Amino acid sequence: MQPLRPPSSAPDFDFGDGRLSGALSLGLGALSLLAVLCFRYPELLTTPELRAVYPLALVRTALFAAIVLSLGLGALAVLLGERRRLGWGGTACAGAAIALGGSWIESGPVDSSRHHLGLDWFVLDLLVLALVFVPLERAFALARSQRILRFGWRTDLAHFFVSHLLVQVLALLTLAPASLLFGGIVSPRLQAWVAAQPLLLQFVAALAIADLFQYGVHRAFHAVPWLWRFHAIHHSSVAMDWLAGSRLHLVDVIVTRAVTFVPLFVLGFAPSALVAYLVFVAVQAVALHANLRFRFGGLRWIFATPAFHHWHHAVSPVDKNFAIHLPVIDRLFGTAYEPGGFPERYGTLGDPVPEGWVRQLVWPLRRPRAQRGLEKNSPGAGVG
Ligand SMILES: [Zn+2]
Ligand SMILES: [Zn+2]
């Protein structure tokens, strides 16, 4: 079944009709409930690296504020009347969070468990990114009529949820191939020399080398038909915003990260340089897809910007702007497309990819009949 494209002009929130207060109540209530579950089952649901650095008093205060806000906004939405269900839903989530212990819940000493999920990483990252990008996109929107909860947001949120929940598995699958395949050829002398270089130099080198490898694997995902089926999931977004970049098939995530990590592992960059690189990647990957009309002045000649990456998602032209960090790589290989402005349409011709996380997980594995629309529009024949 073909997904419906979003209406070209959708109404935004009207103040006073209860939709904004209802949506905020449900969002805060759901996050509060998940946060309380993290306090209740920390060994299973939280990441040890984050647990070690949490300012607990601040987290509990924020949780208390979120529960109170969710209850207050939920009551407001119910009173305003148009979207009572959102208000009741938010109030129910906040009530469940209180029933399970609220912000006063005890959390005793935690034994390090072998396996864990990253529910705390999901809650934290979603909250921080939403607090930064939702107001930014409201103030400086490229597509001004695009709603916050636009077409496809549930699918993108599901991708965001799974990739954060599986943080431990994905890290293992990213790191293991490099050490298994290349562990025998690393040179301790070379690694010591690389790790001894100034941090800024290591950061820039890691960024450039990783993006060069990312460029290669990204072009392969576009050029090889069976790989394209996995990567087409990312290109199926028809509305761009900060959440759209999360739409990635797990095979795409694992292969791209694993290949990109190989040179970083072999060269042996210092851990602090790798952390700086990872933070940069995390922020830029979100910002590149954002619904922002910024052009970033002269910076766009050095770093990839939303305009640069939005053209990668354009229905036409196709197979342009593969670099994630440094546009100079596309300029060197003749794949740069920088006309100024932004594309008019995003996605793949014919919209063959279905909406929904489960459907998108299995869709690339189905026989070509299911992908007939895509085969016709394979890269080189008209798909971006
Ligand atoms: Zn691509
Ligand atoms: Zn993208």
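This report walks through a predicted model of a protein with two zinc ions, from its overall make-up to a few local details of the backbone.

**Overall make-up**

Let us start with the broad view. The protein has 17 helices and zero strands. Of its 384 residues, 43% are buried. Contacts between residues at least 6 apart in sequence are a useful next stop: 78% of them join residues at least 24 apart.

**Two helices that cross**

Two packed helices are described by the angle between their axes and the distance between the axes. Take helix H1, residues 19-40, and helix H6, residues 119-139: their axes come within 9 Å and cross at roughly 145°. The crossing of H1 and H6 is left-handed.

Which residues of H1 and H6 meet? On the H1 side they are Leu31, Leu34, Ala35, Leu37 and Cys38. On the H6 side they are Leu119, Asp120, Phe122, Val123, Leu126 and Leu127. Sorted by class, this contact has 10 nonpolar residues, no polar ones and one charged residue.

**Two buried small residues**

Ala94 and Gly102 make a nice pair to look at in turn. Ala94 is found in helix H5, residues 84-99, and Gly102 in the loop between H5 and H6. Ala94 has a relative accessible area of 0%, so it is buried. Gly102 likewise counts as buried because its relative accessible area is 0%.

What surrounds Ala94, leaving aside its neighbours within four places in sequence? The contacts of Ala94 are then Gly29, Ile67, Ser70 and Leu71. The C-alpha atom of Ala94 is separated by 9.1 Å from that of Leu69, which is 25 residues away along the chain.

For Gly102, with neighbours within four places in sequence again set aside, the contacts are Val36, Leu63, Ile67 and Ala97. Ile67 therefore turns up in the contacts of Ala94 and of Gly102. Between Gly102 and Leu37, 65 residues apart along the chain, the C-alpha separation is 9.5 Å. Leu37 is also one of the H1 residues that meet H6.

**The zinc ions**

Now to the metal sites, with the donors set out below.

| Ion | Protein donors (atom) | Distances |
|---|---|---|
| zinc ion (ligand 1) | His218 (NE2), His222 (NE2), His231 (NE2), His235 (NE2), His312 (NE2) | 2.0 to 2.2 Å |
| zinc ion (ligand 2) | His234 (NE2), His289 (NE2), His309 (NE2), His313 (NE2) | 2.0 to 2.1 Å |

Along the chain, the donor residues of the zinc ion (ligand 1) are spaced H-x3-H-x8-H-x3-H-x76-H. Among them, His218 in helix H10 (residues 199-223) and His231 in helix H11 are 13 residues apart, a pair that links distant parts of the chain. Both His218 and His231 are buried.

For the zinc ion (ligand 2), the donors follow the spacing H-x54-H-x19-H-x3-H. Here the pair linking distant parts of the chain is His234 and His309, 75 residues apart. His234 sits in the loop between helix H11 (225-231) and helix H12 (250-267), while His309 belongs to helix H14, residues 306-312. Are these two donors buried or exposed? His234 has a relative accessible area of 5%, so it counts as buried, and His309 is buried with a value of 1%.

Why is the arrangement around the zinc ion (ligand 2) irregular? The four donor atoms subtend angles of 94 to 156°. A tetrahedral site would need all angles to lie between 85 and 135 degrees, so the angles reaching 156° make this arrangement irregular.

**Backbone details**

Most residues other than glycine have a negative phi, and most peptide bonds are trans. A few places in this model are worth checking against that background.

Ser316 and Pro317 are joined by a cis peptide bond, with omega about 0°. Pro317 has its place in the loop between H14 and helix H15 (328-333). Asp319 lies in the loop between H14 and H15 as well, and its phi is positive, near 55°. With a relative accessible area of 21%, Asp319 is partly exposed.

Asp351 also has a positive phi, near 45°. Asp351 lies in the loop between H15 and helix H16 (357-362). Its relative accessibility is 11%, so Asp351 counts as buried.

Conventions
Residues are numbered from 1 along each chain as its sequence is written. Chains are lettered from A and ligands numbered from 1 in the order in which they are written. This is a predicted model: local features need pLDDT of at least 70, side-chain atom pairs count only at pLDDT 80 or more; totals for chains, interfaces and linings use all residues. Side-chain values use heavy atoms; hydrogens and water are left out. Axes are lines fitted to C-alpha atoms, for helices over the stretch in contact, and angles run from 0 to 180 degrees between N-to-C directions. Helices (H or I, at least four residues) and strands (E, at least two) are DSSP runs, numbered from the N terminus. A crossing is left-handed if the near helix is turned anticlockwise from the far one by less than a right angle, and right-handed if clockwise. Contact means heavy atoms within 4.5 Å. Ala, Val, Leu, Ile, Met, Phe, Trp, Tyr, Cys and Pro count as nonpolar, Asp, Glu, Lys and Arg as charged, and the others, Gly among them, as polar. Donors are N, O and S atoms within 2.8 Å of the metal (3.2 Å for Na, K and Ca); water is not among the atoms, so sites may look incomplete. Four donors count as tetrahedral if all angles lie between 85 and 135 degrees; four count as square planar and six as octahedral if opposite donors are over 155 degrees apart and all others between 65 and 115; anything else is irregular. Buried means under 20% relative accessible area, exposed over 50%, partly exposed in between (1.4 Å probe, protein chains only).
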